[in-house]
Amino acid sequence: MFKKLVIAFALFALVAFKLEAQETELQQIADALDVSTTKTFQFTGNGTFFSLGQSTSPAAPWPRSFVKSMTRVYDFTAGAMRDDWVRMAAETQTVGPEQQAVNVVSGDHAWNVAGKDIVPRLWEVNDRAHQIVISPHGILRAAFANNAGVTKKTIDGRQMTVISFTDRGKHKVVAYANDQNAVERVESWYGHPVVGDIKVATYYGPYRDFAGVKFPSKIIQYQDDKPTLDLTVTAVRANPPVDIEVPANVRNDPVPVKSDKAADGVWYITGGSHHSALIEMKDYLIVVEAPFGEQRSIAVMAEVKKLVPNKPIRYLVNTHHHFDHASGIRTYAAEGITIVTHELNRPYFERAAANSWNLAPDRLAKSKKKPVFQAMGDNMVLTDGARSVELYQVGGNAHHDGIIMAYLRKEKILIEADVFTPGPAGAEPPKVPNPFSVNLEANVRRLNIDVDRILPLHGRIVPYSDLLGAIGKKPAPAKKE
């Protein structure tokens with residue numbers, strides 16, 4: 001018995017010594033950044049930004065923008081962050097004018113600010129919150145809070161301290177600090193509504209002394225194995241005043257839903273910046289587009305149930321794989337609804353479905369169902385014998401190689417996403433026509449379809465003449481009876 005007690009005490013002492021050594025390692029790295037006294041932090045930089053999930057095809061890189069300036073402010077105690085961007089699209093087809101953007105997260109709420117408009121972005125909470133956790137200061141705070149594992153490893157001939165933890169079950173992190181107590185590489189994962197447990201790789205370049213504050217002079221990041229950020233840091237500030245308050249509409253109504261009848265059996269389901277359309281068939285329903293994540297899709301399906309309570313949704317038409325337009329399709333798949341998408345997108349969605357979904361399991365992951373996809377090429381018709389929904393690829397459009405539009409021949413209604421977004425009523429048409437919109441009109445002529453109205457999945461219902469005006473064309477004279 002005495003021998004067993006000695007062994008037990010020895011093991012306890014060994015574990016205690018190991019934990020104390022780990023805590024000491026973490027504390028040394030934290031002290032190098034003054035983590036204990038840093039409650040808020042701000043840095044400014046310039047360089048290149050890549051729009052996650054906005055590529056021209058699932059195989060292409062994320063589209064690039066030049067960043068004139070980006071200022072990021074963290075409030076670590078509140079779990080909040082604000083990004084202020086001044087950037088310009090850098091791709092050949094879309095170069096043009098300088099744009100300002102404001103992206104915010106606080107706790108379980110995310111939103112964008114565009115002028116006076118505040119747009120909820122609930123589906124982006126995990127991504128933005130992840131950026132707080134994997135920031136140099138955030139890593140150390142989360143490591144202490146989550147009893148991180150700390151080990152020493154020799155990597156490429158260099159002695160590194162490896163810090164690993166899972167934060168609140170939502171963010172998996174493995175960080176590497178060098179012999180100067182500087183975190184220089186982070187491998188991490190968070191739950192994404194399209195990709196599942198998406199991998200993020202972040203590199204923090206040489207640390208500099210910015211007027212007494214130590215911080216990386218370079219930040220490079222990849223998501224889903226493609227670059228998303230390449231930033232040169234130009235200024236930093238420790239403990240600036242920060243006041244990030246969740247707007248009332250974001251807190252109280254993060255997934256607003258409103259429906260308007262566009263024609264018999266056709267409804268325009270709006271809310272925020274992204275919309276859907278509902279089409280009633282003889283025995284079933286078709287929904288076009290599932291943007292903005294699971295909560296939005298749940299709200300839209302509830303609205304559909306109110307509008308047509310006695311028919312099931314059979315098809316969800318996904319116009320393209322861009323994450324803002326595809327982040328809600330899995331909610332429909334969990335209900336056994338067939339997802340119609342272009343053949344370019346299907347392999348990507350199927351690979352995503354096969355990925356792990358542990359950090360933010362959705363309804364589909366919990367159901368363990370396999371999503372059902374129906375792929376189309378340049379066209380497809382969904383019909384019940386009474387009404388037909390014609391689906392066409394918008395051929396040659398630089399926005400996306402496999403983008404789909406829907407046409408209702410009897411009602412002369414065109415449903416489209418991103419290739420034409422009408423401006424406010426009464427606004428002057430753009431001086432330079434959007435090439436996506438020019439291409440849309442060319443496709444309408446190519447297909448010889450007669451369009452009276454457009455139901456854009458951004459904006460508002462407009463007559464077809466608004467598209468013609470936006471690209472500098474006059475409407476054709478009315479036909480004589």
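**Helix H10, the nonpolar cores and neighbouring elements**

Helix H10 comprises 13 residues and spans 18 Å between its first and last C-alpha, close to the 18 Å expected at 1.5 Å a residue. The model described here is predicted. At the N-terminal end of H10, Asn434 acts as a cap, with a side-chain oxygen placed 2.8 Å from the backbone nitrogen of Phe436. Beyond the other end of the helix follows Asn448, which has a positive phi near 55°.

The buried residues of H10 are Phe436, Ser437, Asn439, Leu440, Glu441, Asn443 and Val444. Their cover includes three strands, E24 (388-393), E25 (404-408) and E26 (413-416), together with helix H11 (464-470). Asn443, located in H10 (residues 435-447), has a relative accessibility of 2% and therefore counts as buried, the limit for that class being under 20%. When neighbours within four places in sequence are left aside, Asn443 is in contact with Gln393, Val394, Gly395 and Met405.

The largest nonpolar core contains 80 residues, and the members that touch the most others are Phe43, Phe165, Val183 and Tyr332. For Tyr332, with residues up to four places away in sequence not counted, the contacts are Val287, Ala290, Ser297, Val300, Met301, Ile313, Leu316, Ile337 and Ile339. Another core, of 26 residues, lies apart from the largest one; among its members are Ile279, Tyr315, Val317 and Ile413.

Strand E18 (residues 276-280) is mostly covered, with four of its five residues buried. On one side of the pairing scheme, E18 is joined by four bridges to strand E17 (residues 266-270), and the two run antiparallel. Within this pair, Ile279 of E18 stands opposite Val266. The hairpin formed by E17 and E18 has five residues between the strands, and Gly271 in this hairpin takes a positive phi near 155°. E18 also pairs with strand E19 (residues 285-288), again in the antiparallel sense and over four bridges. Here Ala277 has Val288 in E19 as its bridge partner. A hairpin is likewise formed by E18 and E19, with four residues between them.

A further buried polar residue, Thr161, is placed in strand E8 (residues 158-167). Its relative accessibility is 3%, so Thr161 counts as buried. The side chain of Thr161 makes a polar contact, at 3.0 Å, with the side chain of Lys152. Lys152 also appears among the residues that Thr161 touches once those up to four places away in sequence are not counted; the others are Glu25, Ile29, Val150, Thr151, Ala175, Tyr176 and Ala177.

Helix H3 (residues 136-145) is also mostly covered, since seven of its 10 residues are buried. These are Pro136, His137, Gly138, Ile139, Leu140, Ala142 and Ala143. Just after H3, Asn147 adopts a positive phi of about 50°.

Technical notes:
Residues are numbered from 1 along each chain as its sequence is written. This is a predicted model: local features need pLDDT of at least 70, side-chain atom pairs count only at pLDDT 80 or more; totals for chains, interfaces and linings use all residues. Side-chain values use heavy atoms; hydrogens and water are left out. A nonpolar core is a set of buried Ala, Val, Leu, Ile, Met, Phe, Trp, Tyr and Cys residues joined through side-chain atoms within 4.5 Å. Buried means under 20% relative accessible area, exposed over 50%, partly exposed in between (1.4 Å probe, protein chains only). Contact means heavy atoms within 4.5 Å. Two strands pair if DSSP finds at least two bridges between them. A polar contact is a pair of N or O atoms within 3.5 Å; within protein, one must be able to donate a hydrogen and the other to accept it, and residues adjacent in sequence count only if both atoms are side-chain atoms. The expected span of a helix is 1.5 Å times one less than its number of residues.
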